[in-house]
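Please open the structure beside this note and check each point as you read. Each one can be followed by eye.

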Amino acid sequence: MPETHSDDPILSRSLSVAILVSAFLLLLTVAWSLYDEIYGLRPWRSHQRRFASVYSAYLEKTIPQQARREKEVKNSPEYQKLKMEVEAADKEASPRLRAISQESDSIDKRLDALTDRYQEARGKVTALVYNMELAPVGTHARKSRMAAVERAKHEIYTLELPLPNGQTERTEFNYDQLEAEFNRLKARKAELVSAQGEVLKPSKEAREKLDTYFKEKMEGLTEGQLQGLLKATKTLDITIRQINVNPKEPTINNFGSGGLVDRCQSCHLGMDPKLVPLQMTLTKADLGLAKSNAAPFTSHPDPELLKIHDLDRFGCSPCHGGN
């Protein structure tokens with residue numbers, strides 16, 4: 001038979017170039033899709049990384065300044081005078097506090113040795129009293145059960161109780177004596193707690209004066225507070241920050257009835273009081289971003305409002321609308 005020719009392109013010419021180009025375009029599409037999924041659709045990731053970087057740099061620059069300012073306040077004559085008053089009050093209270101602590105420790109040890117036996121005896125007597133009260137008045141059963149209660153109350157309990165000098169004493173109690181000793185120790189413990197408060201009162205008042213003076217003279221946060229913020233910033237969890245705004249409690253604008261979902265702080269990290277405390281003002285200039293329009297990292301312009309407007313409950317959108 002004569003040879004026939006087919007116009008089938010698969011048989012007549014090679015498609016390797018087309019397949020190669022198609023595969024290349026497919027790989028590009030997959031790569032773009034992954035990029036868009038991870039970065040393009042989640043711009044808050046780069047925002048949070050950038051905030052952590054610029055805010056950490058700002059804190060590292062601010063910490064030495066605040067450390068010097070804190071040192072100046074603490075070295076001032078007024079601060080040193082108040083500090084000496086605190087130390088004098090502590091020194092005066094020390095002997096009495098030591099005596100209270102020693103007696104309190106002795107009572108605690110005595111109570112530890114007494115409590116289990118007392119609870120055991122009380123449980124036994126209470127059960128017998130309850131059983132007695134179930135019997136009608138004047139009956140033989142009631143009299144018999146009353147006698148059982150009296151026998152339980154006169155039962156002797158032998159205990160090894162610690163003494164303040166570290167030794168122990170062997171003591172015998174009936175139920176009423178055991179209860180009386182337990183109540184006496186509890187009452188004495190309460191007296192010691194009250195006495196400790198009175199002894200500490202002058203020292204507490206002196207320390208409050210010292211703290212008040214420091215807060216009035218210290219501008220901004222202390223070195224320790226800034227170090228804590230720096231640690232939190234450097235370990236910042238890169239994640240979306242979502243608040244469900246009163247899903248069950250309608251707000252004044254009825255946002256809550258629909259369960260408003262607020263994610264503003266995923267980018268506006270400077271609004272978080274845990275990262276930027278309310279007594280701290282953070283501007284673009286502080287972060288070296290004065291000429292940037294795409295850095296939502298500043299603190300709230302009205303920090304007093306946030307003291308009565310909990311962001312964890314209200315978020316941002318009820319007042320600012322939101323995207």
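The numbered points below go through a few features of this model in turn.

1. Start with the kind of model. It is predicted. Keep that in mind for every distance and contact below.

2. Look at helix α7. It runs over residues 223-234 and has 12 residues. Does its length fit? Put better: what span should 12 residues of helix give at 1.5 Å a residue? The expected value is 16 Å, and the end C-alpha atoms of α7 are 16 Å apart, so the two agree.

3. Now find the buried residues of α7. They are L226, L229, L230 and T233. These residues cover an arc of only 105° around the axis, so they sit on the same side of α7. Turn to the other side of α7, and G224 and K231 are exposed there. The buried residues have a cover, and helix α3 (43-74) is included in it.

4. Stay in α7 for A232. Its relative accessibility is 31%, so A232 counts as partly exposed. A232 also has a partner far along the chain to look at. L275 is 43 residues away in the chain, yet the C-alpha atoms of A232 and L275 are separated by 7.2 Å.

5. Move to Q48, which belongs to helix α3. Is Q48 buried or exposed? Its relative accessible area is 0%, so Q48 is buried. A polar atom of the Q48 side chain lies 3.0 Å from the backbone oxygen of S266. S266 is also among the contacts of Q48 once neighbours within four places in sequence are left aside. The others on that list are L236, D237, I238, T239, R241 and L269.

6. Check strands β1 and β2. Strand β1 covers residues 157-162, and strand β2 covers residues 168-173. In what sense do they pair, and over how many bridges? The pairing is antiparallel, over six bridges. For one example, take T158, whose bridge partner in β2 is E172. The hairpin of β1 and β2 has five residues between the strands. Within this hairpin, G166 takes a positive phi near 95°.

7. Next, the cysteines. How many disulfides are there? The count comes to zero. A disulfide needs two cysteine sulfur atoms within 2.5 Å. For C316, the closest cysteine sulfur is that of C264 at 4.4 Å, which is too far for a bond. For C267, the closest is again in C264, at 8.9 Å, and this too is too far for a bond. Both residues are buried. C316 has a relative accessible area of 13%, and C267 has one of 18%. Buried means under 20%, so C267 still counts as buried.

8. Finish with S299. Where is it placed? S299 lies in the loop between β4 (260-262) and α8 (303-306). It is a loop residue, but S299 is buried, with a relative accessible area of 11%. Its side chain reaches the backbone nitrogen of L282 at 2.9 Å. Beyond neighbours within four places in sequence, S299 is in contact with G270, M271, V276, M280, T281 and L282.

Technical notes: Residues are numbered from 1 along each chain as its sequence is written. This is a predicted model: local features need pLDDT of at least 70, side-chain atom pairs count only at pLDDT 80 or more; totals for chains, interfaces and linings use all residues. Side-chain values use heavy atoms; hydrogens and water are left out. Helices (H or I, at least four residues) and strands (E, at least two) are DSSP runs, numbered from the N terminus. The expected span of a helix is 1.5 Å times one less than its number of residues. Buried means under 20% relative accessible area, exposed over 50%, partly exposed in between (1.4 Å probe, protein chains only). The arc is that of the directions from the helix axis to the C-beta atoms. Contact means heavy atoms within 4.5 Å. A polar contact is a pair of N or O atoms within 3.5 Å; within protein, one must be able to donate a hydrogen and the other to accept it, and residues adjacent in sequence count only if both atoms are side-chain atoms. Two strands pair if DSSP finds at least two bridges between them.
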